[in-house]
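Here are a few worked exercises for you to try on a structure. Grab your viewer, have a go at each task, then check the steps below it.

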Amino acid sequence: MIAVLFEVTLREGCRDEYHALGQSVRQALSQQPGFLGGSSYRSAQNENVELSINYWADEAAAAQWRNHAEHRIRQNIGRKQLFRSYRVTVLQPIRTYTETQRDEAPDDSNQYFCPGK
């Protein structure tokens, strides 16, 4: 699995257009092979800063989406009209665990939260 973080600073007054643009590709994204899910957030300090996190089965699946024709068209619109700046960060998890699935949790964390195991 990989995570792709997309942080964007929008030009003043472009937030509604940016959200409409995102909504127009959400259907294609949800049907993209290897797409595992995602979320978006707006900064509490600056309403023009947003972060989207998408999870992909692997880098090949993310690359297929990056090069999807409809997505490329929306990227171009964003770059030319909506974005003041943006940053893309691609990550691979070091470990993943939950409160019940603890196999990858650090030993010290398991000792604290799961004594006797």
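**Exercise 1.** Find how far apart the mean positions of the positive and negative charges of the protein are.

*Solution.* Start with who counts: Lys and Arg are positive, Asp and Glu negative, while His and the chain ends are skipped. Next, place each charge at NZ of Lys, CZ of Arg, CG of Asp or CD of Glu. That gives 14 positive and 14 negative charges, with mean positions 7 Å apart. A word on the input: this is a predicted model, where local features need pLDDT of at least 70 and side-chain atom pairs pLDDT 80 or more, while totals for chains, interfaces and linings use all residues. Residues are numbered from 1 along each chain as its sequence is written, and side-chain values use heavy atoms, with hydrogens and water left out.

**Exercise 2.** Compare the radius of gyration of the protein with that of a compact globule of 117 residues.

*Solution.* Take the radius over C-alpha atoms, and for the globule use 2.2 Å times the number of residues to the power 0.38. The rule puts a compact globule near 13 Å, but the protein has 18 Å. Then look at the principal axes: the C-alpha trace spans about 55 × 35 × 20 Å along them.

**Exercise 3.** Place Ala 28 in its element and list what it touches beyond four places away in sequence.

*Solution.* First, get the elements from DSSP runs (helices: H or I, at least four residues; strands: E, at least two; numbered from the N terminus). The protein has four helices and four strands, in the order β-α-β-β-α-α-β-α from the N terminus. Ala 28 sits in helix H1, residues 15-30. Second, look for contacts (heavy atoms within 4.5 Å): Ala 28 touches Trp 65, His 68 and Glu 70. For His 68, the C-alpha distance to Ala 28 is 9.2 Å, across 40 residues of sequence. Third, check burial (under 20% relative accessible area is buried, over 50% exposed, in between partly exposed; 1.4 Å probe, protein chains only). Ala 28 has 17%, so it is buried.

**Exercise 4.** Count the aromatic pairs, then classify Tyr 112 with Phe 113.

*Solution.* Pair rings of Phe, Tyr and Trp (its six-membered ring) with centres within 6.5 Å; planes under 30 degrees apart are stacked, over 60 edge-to-face, the rest tilted. You should get six pairs. Tyr 112 and Phe 113 come out edge-to-face, at 4.8 Å between centres and 85 degrees between planes. Tyr 112 is exposed at 64% relative accessible area, and Phe 113 is exposed at 58%. Ring pairs also link Phe 6, Tyr 18, Phe 83 and Tyr 86 into a cluster.
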